[in-house]
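Colleague: I am new to this one, and I would like to hear the reasoning behind the labels. Could you show it to me and then take my questions?

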Amino acid sequence: LFPAVVELCLSHGLGPVALANELLAFVTSKDLDLQLTPEGLDAFEHEVLAKRSSRSRRGRDERRGLLHDIHSLQELLDEEEEDKLLDAYTTPSKGSQKRSNSTPETPRPKRAPSSRSPYGLFSPGSFSPSVTPSQKYSSRGGRGEVVASFGSVQSPAWSGRGGCAVKLFGCPEENLTKPYKFMFQKALDVREALAGRVEELGEVLRRHHGLDGFTSTALPAQEPVTVLGQISCDGNGKLNAKSVLLVGDREHSGGAQVPLDLSELPEYSLFPGQVVALEGTNSTGRRMVVSKLYEGIPLPFHTPTEPMAEQSGPFTPSDGVAFEPLSDLLEVVARDRPDVCILLGPFLDAKHEQVESCQLLGSFSDVFRLCLRTIIEGTRSAGSQLVLVPSLRDVAHDFVYPQPPFPFPDLPKEDRARVLLVPEPCTLDIDGVVFGLTSTDLLFHMGAEEISSSSGISDRFTRILRHILTQRSFYPLYPPSEELNVDYENLSAFAALPVTPDVLVTPSELRFFIK
């Protein structure tokens, strides 16, 4: 019975003397035989030790300021997990999301049935508990100012030509047009999708640079050899020059990894998930000294023309869900009458303070549908072709990348010819000019992971955007940002660039620019 007694000590955090005292008191009070039996130990555990553990759990709040052993620490961790369980299913925020045990001084307004018509004016107080207009937005400077432009711009405003043809680039089966089931990925399917991408880009690199072939990353090589693979990090931290790994391709290396020594490269720009071909020596088979990095090749352009288009972004100020920026935008569209108006989400931002705290007076879907209806009706008089791109931050839409188009079965018949609901990301053909559109902040995501070394002046944004073109994908980063839920089978099918776009539109929290 000695192992059973030791197990009781470990399970309940008791020393040998304390356990012996408890056991002696139990045997004496029950008038039992002093000879230990398995049945007696079971009764002792259930009647004495279980109650003792229950009392210790009730007193865990008092022990918070004391020293802890492994068992009391585990109890505290379990309690923290209970607090975080609900938060795991809510929208992440920059601040803490812990639940408060006290009654709020200003109770949240209850959702009540509204007497308003759903076709009424989308006023600032439609769904927000606060009807006060945004002070930040109303006091901003430079109203209506053009902050960036490219090429020659007609003044005072562009005049639409009318009759502009807008469609998704390529055939229908090459575009994501309807929702799909997600969160069912298997690790093997993800690996297959990634391996297929490495093989496809590897063949492009081999043909363009005239390479004879690729060698295994695991084999020692005294002479320079060429290998193919995907850039990775040797840990969970941020990539740096000392932590770069190359995960070899499946055909030649079987996925074997090798650390890279970049000291002999005069310049480079690398990020996790990047598919590269490298030349170097691997004398021991355990580290490759890289002497040459083969750059990727962008796809060819499509034949361009010159249509007119206008783009925009999120439509609420940070301190309210008043949609005042949206109203101002619709006034500009009605005034300038552009041929095409491209709007990229989020339309109802999951990171908005009133969305996170559930302070809206209607459901997310109700607010979202009324927002879309307002946009469609507000651009009807201008006759502009309207393109709506969803975002993973749209709280009322599927949280998966690539993202299907907005479902809007109530779209009026009179608007169906001019309103185009597209997926995220998408490639658009506007009278022969190809637009690459994505609402995902790939500049911010890739900028946080990219490492580079350059002898001259190098522009970071240009490097990152060039990676998008040479990797031929709207989102080549792997592993992805924690803000994204990526479905890799559909990523390879619907987030690959079919051609190099003439115009690439990618909103970001970073400063705006046109290049």
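Modeller: Let us begin just after helix H12, where Arg472 takes a positive phi of about 60°. Bear in mind throughout that this is a predicted model.

Colleague: Which residues of H12 are called buried?

Modeller: Helix H12 spans residues 460–470, and its buried residues are Phe461, Arg463, Ile464, Leu465, His467, Ile468 and Thr470. The word buried is used because a residue has under 20% relative accessible area. Their cover includes H6, strand S5 (268–270), helix H11 (442–447), strand S14 (451–453) and strand S15 (503–505).

Colleague: How do you know that His397 is buried?

Modeller: His397 has a relative accessible area of 11%. The cut-off is under 20%, so His397 counts as buried. His397 sits in the loop between strand S10 (385–389) and strand S11 (419–421). Its contacts beyond four places in sequence are Pro390, Gln403, Pro404, Pro405, Phe406 and Pro407.

Colleague: What makes the pair of His397 and Pro404 a polar contact?

Modeller: A polar atom of the His397 side chain lies 2.7 Å from the backbone oxygen of Pro404. The limit for such a pair is within 3.5 Å, so the distance of 2.7 Å meets it.

Colleague: Why is Met183 called exposed?

Modeller: Met183 has 68% relative accessibility, and exposed means over 50%, so the label fits. Met183 lies in the loop between S1 and H6, and has a positive phi of about 70° although it is not a glycine.

Colleague: And why is Arg337 called partly exposed?

Modeller: The relative accessible area of Arg337 is 42%. Buried means under 20% and exposed over 50%, so Arg337 falls in between. Arg337 is in the loop between helix H8 (324–336) and strand S9 (340–344). Arg337 also has a positive phi, about 50°, without being a glycine.

Colleague: What about Ala148: why is that residue called partly exposed?

Modeller: Ala148 has a relative accessible area of 31%, which lies between the 20% and 50% limits, so partly exposed is the right term. Ala148 is in the loop between helix H5 (135–138) and strand S1 (166–168). Leaving out residues up to four places away in sequence, Ala148 touches Phe512 and Ile514. The C-alpha atoms of Ala148 and Lys515 are separated by 10.0 Å, although the two residues are 367 apart along the chain.

Colleague: How do you know that S2 and S6 pair?

Modeller: Two strands pair if there are at least two bridges between them, and S2 (residues 221–233) and S6 (residues 275–282) have seven, so they qualify. The sense is antiparallel, and Gln230 stands opposite Val275 in S6. Both strands belong to a closed barrel of five strands, in the order S2-S3-S4-S7-S6, with mixed pairing. On average, neighbouring strands of this sheet are turned by 55° against each other, direction ignored. Helix H6 (residues 187–209) packs on the sheet and touches S2, S6 and strand S7 (288–294).

Colleague: Which residues have the most contacts inside the largest nonpolar core?

Modeller: That core has 23 residues, and those with the most contacts inside it are Tyr401, Tyr475, Tyr488 and Leu491. The largest share, four residues, comes from H12. Domain 1 (166–174 + 302–505) and domain 2 (188–293) each give at least three residues to this core.

Terms used:
Residues are numbered from 1 along each chain as its sequence is written. This is a predicted model: local features need pLDDT of at least 70, side-chain atom pairs count only at pLDDT 80 or more; totals for chains, interfaces and linings use all residues. Side-chain values use heavy atoms; hydrogens and water are left out. Axes are lines fitted to C-alpha atoms, for helices over the stretch in contact, and angles run from 0 to 180 degrees between N-to-C directions. Contact means heavy atoms within 4.5 Å. Buried means under 20% relative accessible area, exposed over 50%, partly exposed in between (1.4 Å probe, protein chains only). A polar contact is a pair of N or O atoms within 3.5 Å; within protein, one must be able to donate a hydrogen and the other to accept it, and residues adjacent in sequence count only if both atoms are side-chain atoms. A nonpolar core is a set of buried Ala, Val, Leu, Ile, Met, Phe, Trp, Tyr and Cys residues joined through side-chain atoms within 4.5 Å. Domain bounds come from an automatic or database domain assignment.
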